[in-house]
Amino acid sequence: MFKNLALALTAVIALTSCTKKPSTDGTATSSNANEILVGEYGSMTGSEATFGISTHEGIQLAFKQINNTGGINGKLLKLISLDNQGKPEEAATAVQKLITQNKVVAVLGEVASSRSLAAAPIAQQYKIPMVSPSSTNPKVTEVGDYIFRVCFIDPFQGTVMAKFAAENLKAKKVAIMTDVKSDYSVGLAKFFKEKFEDLGGKVVSEQSYASQDIDFKAQLTAIKAAKPDAIFIPGYYTEVGLISRQAKGLGIKAALLGGDGWDSSKLFEIGKEAIVGGYFSNHYTTESKDKKVQEFISAYKDAYNKVPDGLAAMGYDAAMVLVDAMKRAKEPTPEAIRDQLATTKDFIAVTGKITIDEKRNATKPAVVVQVKGQDKYGYVTTINP
Amino acid sequence: MDFLFNEYILSMIVYCGVNIILAVSLNLVNGFTGQFSIGHAGFMAIGAYLSAYLGMNFHTPFILNTILGGLASAAAGYAVGLPSLRLKGDYLAIVTLGFGEIIRVVLLNIDAVGGARGMYGIPKDGGFFWTYGWAVATIFIISQLMRSTHGRAFLAVREDEIAAEAMGINTTKYKVRAFVISSFFAGIAGALFAHYLCYLNPSSFGFMKSIDVVVMVVLGGMGSITGSVIAACIITLLPEALRPLQEITKIDFRMVIYSLTLIILMLTRPKGLFGNLELSDLWKKYVKRHS
């Protein structure tokens, strides 16, 4: 009996001694006095690899530009990127490594809110500032005072579309169709309604559905009877595509509005002609005439020979906001960088003018685009907060 | 020294411990009893979520949460095992596979545990001593079990079910027993994982996690506890150990090397690293040869 216990114990001891092996290979990056180490974690592999790679390229481009123009107060930036395979637990491990072993002064990442939420407590624990390029869930920055983001949060899009409906479309009456199973959709709908009523409009019909529903005729018939000028559908592209087709079938002529959940080439594949003319809010569009945007696009094309997508622009902006904070900080210490990040104001970025508010979220404009066809979106307007 | 003892290394050691518990417990079903379960991540998820939920909302002590998580997994193991273990071979694999997916999808849709957003703010608890305490307990209990009447019955079921039945062994009953014990420890591993990481997301408990555990069992050798322990460590540490390579070369072939290593290991040692031998067997052999 005790022989067995001894066996178990030796097994454990044997394994703990072997676990120390990987550390001896000298992963540690000797931090040169003339270098500032910044960590990045993202999904370079896995099912969401395109997100991670786009973001990574955006960040790399930003760092390259800064280093080519002399770095930060004479020091060059060094980026350490780790892959998390799109898994939350890997994201936590990667950030743990970046902070405790590579000794970075700041962390950039992640795209998906779930992975940002897994890693943020670790950054907070070690008091290392973390800047997320595109996690829009409000919970992410609630983790603590070292967690920032450079994208707007979900509820803001509701406000944007309400403004757009009231001011640009001159809509008086709108209907709302909410996906009750999604946090995102419910949040957008709630803020849309508040803002639209504030602006003097009237919500004439509120209908709900659940993701993966196929038939929406009952809700649409009720909406048709209410005769709205526009219908706000803050859902994801699959259902939105189906809704648009069925709305057209019922002869509804009202404009369709939505959020960045529409942003997929599947939207047009499903909705076809019915979705053309619909408007949705997004982070950025290559169609923008803004000089900053066009400069970014040409620099990105030179570096990677392709057109940057929204995530690349957000990655670039996250890096630039961090760089801006580092430039203003007297010493590149995590505390000083955090303090400067928190006071970021009117920073001119590719995706608009960014101001970090007291909840460490970015206040910035959103663009409204109109669906024109397969992967074709026309820039309509920019809405400021 | 800083490179040897920091939180990152510690976290890898803790994940090793969690995976040891998972691999050793799955070995009881897949290795010793000869059944084929590929839904271990589902049981892990039950323990993880229940324990995290209790810890967050009722602030119950950690040890209680862990055990309740384990018991809930064991109950689920009983519910799944009872009907499906009457089936043989491939059928059990399919049922457990389906069960693992059901758990994941259900968790995705429960708002109280965060759904697809995930559950965050789980109180930090556990760590090295808890994890290895449980790992030792798992290894000890399962190895003791294998030396008892029950253990012999498990082996008999694996070797020849009809012969075992003829000898008066209620094969279904023993299979369910192995399955329930295995699920219990999976739930414990889940609870330790949840409180160490402080964040849960259903995507962590997908099909690939189950396969990872099966790989650990097969790589270590079906029916070798020592093998499971070593394989669990290799599978956990190998991708991390390959990270520096990625940092130096800037090319991400970490997963390619990882997969190649597995293929080479299985080709050179088709029965797994240890076959069905234990450390103690090897020691005995060694002593015999040198005496």
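In this predicted model, strand β9 (residues 255–258) of chain A runs parallel to β10(A), and the two are joined over two bridges. Between these two strands the chain passes through helix α9 (residues 265–271) of chain A, and the resulting β-α-β crossover is right-handed. The points below follow β10(A) to its other partner, then turn to the sheet that holds these strands, and finally to one residue of chain B.

**Strand β10 of chain A and its partners**

- Within the pairing of β9(A) with β10(A), residue A:L257 stands opposite A:Y279, which belongs to β10(A).
- β10(A) also pairs with strand β14 (residues 366–373) of chain A, this time in the antiparallel sense and over four bridges.
- In β14(A), the residue that stands opposite A:S281 is A:V368.
- Strand β10 (residues 279–282) of chain A is covered on both faces, with A:Y279 and A:S281 buried on one side and A:F280 and A:N282 buried on the other.
- As a general matter, the side chains of a regular strand alternate between the two faces of the sheet.

**The seven-stranded sheet of chain A**

- The strands β7-β6-β8-β9-β10-β14-β15 of chain A, in that order, form an open sheet of seven strands whose pairing is mixed.
- At the edges of this sheet lie β7 (202–209) and β15 (376–383) of chain A, each of which pairs on one side only.
- From one strand to the next, the twist of the sheet averages 25°.
- Strand β6 (residues 173–179) of chain A pairs with β7(A) in the parallel sense over seven bridges, and A:V174 stands opposite A:V203 in β7(A).
- Helix α6 (residues 183–198) of chain A packs on the sheet, where the helix touches β6, β7 and β8 (230–232) of chain A, and the direction of the helix makes about 165° with that of β6(A).

**Residue B:S84 in chain B**

- B:S84 is part of helix α3, which covers residues 62–84 of chain B.
- This residue, B:S84, counts as buried because it has 22 C-beta neighbours inside 10 Å, where the cut-off for a buried residue is 20 or more.
- When residues up to four places away in sequence are left out, the contacts of B:S84 are B:Y91, B:L92 and B:V95.
- The C-alpha atoms of B:S84 and B:I94 are 9.5 Å apart in space, while the two residues are 10 residues apart in sequence.

Terms used. Residues are numbered from 1 along each chain as its sequence is written. Chains are lettered from A and ligands numbered from 1 in the order in which they are written. This is a predicted model: local features need pLDDT of at least 70, side-chain atom pairs count only at pLDDT 80 or more; totals for chains, interfaces and linings use all residues. A residue is buried if 20 or more other C-beta atoms lie within 10 Å of its own, exposed if 12 or fewer, and partly exposed in between; C-beta atoms are placed from the backbone. Two strands pair if DSSP finds at least two bridges between them. A crossover is right-handed if, with the strands pointing away from the viewer, the path from the first strand over the helix to the second runs clockwise. Two residues are in contact if their C-beta atoms, placed from the backbone, lie within 7 Å. Axes are lines fitted to C-alpha atoms, for helices over the stretch in contact, and angles run from 0 to 180 degrees between N-to-C directions.
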